[in-house]
Amino acid sequence: MTPSTGLFISFEGIDGAGKSTHIDAVAQAFEAQGRVVTRTREPGGTPLAERLREMVLNAPMDALTESLLVFAARRDHIAQVIAPALAAGHVVLCDRFSDATFAYQGGGRGFDWQLLQTLEQWVQHQGAPGAGLLQPALTLWFDLPASVAAARLASARVPDKFEAQPQAFFEAVAAGYARRCAEQPQRFTRIDADQALDAVRVQVLGALRSKGFLA
């Protein structure tokens, strides 16, 4: 990797898995090697996408409506933040991306997986012939038992509508992540998140080094 080469990394996992905690350490590691880092999140990342995020996380709606709003937010996010940052050679660290939609709406809500794939094709296609879909070069999947995540969330802030779901929902979400990982294993690295903070961080930084993204 060189400073002129953009790098896209996503952080995925059920609520309570602790993925957001490790983004700071990853950002610092890249900045220490002279890289410019763009940190962002989904749903969100732009003023429009943040407004859509509030609706998705708090307003009652069916799974199709959720999916459409999330992909609409993603489209704006890609156009306004992710694609320009990658073109400028930045390291883009994104707290969730399209895998979360497959896990939460596809797994948790039981929504049509094939339709989600169609929406993904529409929103993430890069336009140029043969360019394919915009996907992270690496997805760090913070895998945590749903029971442990539920215990962590019990002492967290006031939950949104997803965080307030029962354990069975998060088990279905975790299964959605596992399915997505099995479909695209080349870009996934599973992180055992049921460990102490330092042990998880060692896994995360080790994954980045093994891929050649960090020296």
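# Exercises on a predicted model

Arginine 179 lies over the face of tryptophan 113, at 4.0 Å from the ring centre. Keep in mind as you work that this is a predicted model.

**Exercise 1. Find the ring over whose face arginine 180 lies, and give its distance from the ring centre.**

Step 1. Start from the arginine 179 example, where the ring belongs to tryptophan 113.

Step 2. Now go to arginine 180: the ring beneath this side chain is that of phenylalanine 102, and the distance to the ring centre is 3.8 Å.

**Exercise 2. Describe how tyrosine 104 and phenylalanine 162 pair, and work out which parts of the chain they tie together.**

Step 1. Two things describe a pair of aromatic rings: how far apart the centres are and the angle between the planes.

Step 2. The structure holds 8 aromatic pairs. In the one made by tyrosine 104 and phenylalanine 162, the centres are 5.8 Å apart and the planes stand at 90 degrees. An angle over 60 degrees counts as edge-to-face, so this pair is edge-to-face.

Step 3. Place each residue. Tyrosine 104 sits in helix α4 (residues 98-108), while phenylalanine 162 sits in the loop between α6 (146-153) and α7 (167-183), so the pair ties together parts that are 58 residues apart in sequence.

Step 4. Look at the surroundings: tyrosine 104 and phenylalanine 162 are both buried.

**Exercise 3. Classify the pair of phenylalanine 162 and phenylalanine 169, and name the aromatic cluster that holds them.**

Step 1. Here the centres are 6.3 Å apart and the planes make an angle of 35 degrees, so the pair is neither stacked (under 30) nor edge-to-face (over 60) but tilted.

Step 2. Check burial, for which the cut-off is under 20% relative accessible area. Phenylalanine 162 has 5% relative accessibility and therefore counts as buried. Phenylalanine 169, at 7%, counts as buried too.

Step 3. Name the group: one aromatic cluster is formed by Tyr104, Phe162, Phe169 and Phe170.

**Exercise 4. Locate a cis peptide bond and a positive phi at a residue that is not a glycine.**

Step 1. Recall the usual case: most peptide bonds are trans, and most residues other than glycine have a negative phi.

Step 2. The bond from glutamate 42 to proline 43 is cis, with omega near -15 degrees. Proline 43 belongs to the loop between β2 (37-41) and α2 (47-58).

Step 3. Arginine 96 is not a glycine, yet its phi is positive, about 80 degrees. This arginine 96 is in the loop between β3 (91-95) and α4, and its 13% relative accessibility is why arginine 96 counts as buried.

**Exercise 5. Test the length of helix α1 and find what covers its buried residues.**

Step 1. Helix α1 (residues 19-32) has 14 residues, so at 1.5 Å a residue it should span 20 Å; its end C-alpha atoms are 21 Å apart, which agrees.

Step 2. The buried residues of α1 include Ile23, Val26 and Phe30. Among the elements that cover the buried residues of α1 are β1 (7-13), β4 (138-143) and α8 (197-210).

Step 3. After α1 comes glycine 34, with a positive phi near 85 degrees.

**Exercise 6. Tell the buried side of α2 from the face turned away from it.**

Step 1. The buried residues in α2 are Ala49, Leu52, Arg53, Val56 and Leu57. They cover an arc of only 130 degrees around the axis, so they lie on the same side of α2.

Step 2. Those buried residues pack against β2 and α3 (63-87).

Step 3. On the face turned away from the buried side, α2 carries the exposed residues Pro47 and Arg51.

Terms used: Residues numbered from 1 in each chain as written. Predicted model: local features only at pLDDT ≥ 70, side-chain atom pairs only at ≥ 80, totals over all residues. Heavy atoms only, no water. Phe/Tyr/Trp six-rings, centres within 6.5 Å; stacked < 30°, edge-to-face > 60°. Helix = DSSP H or I, 4+ residues; strand = E, 2+ residues; numbered from the N terminus. Buried < 20%, exposed > 50% of the residue type's maximum accessible area, 1.4 Å probe, protein only. Lys NZ or Arg CZ within 6 Å of the ring centre and 35° of its normal. Expected span 1.5 Å × (residues − 1). Contact = heavy atoms within 4.5 Å. Arc of directions from axis to C-beta.
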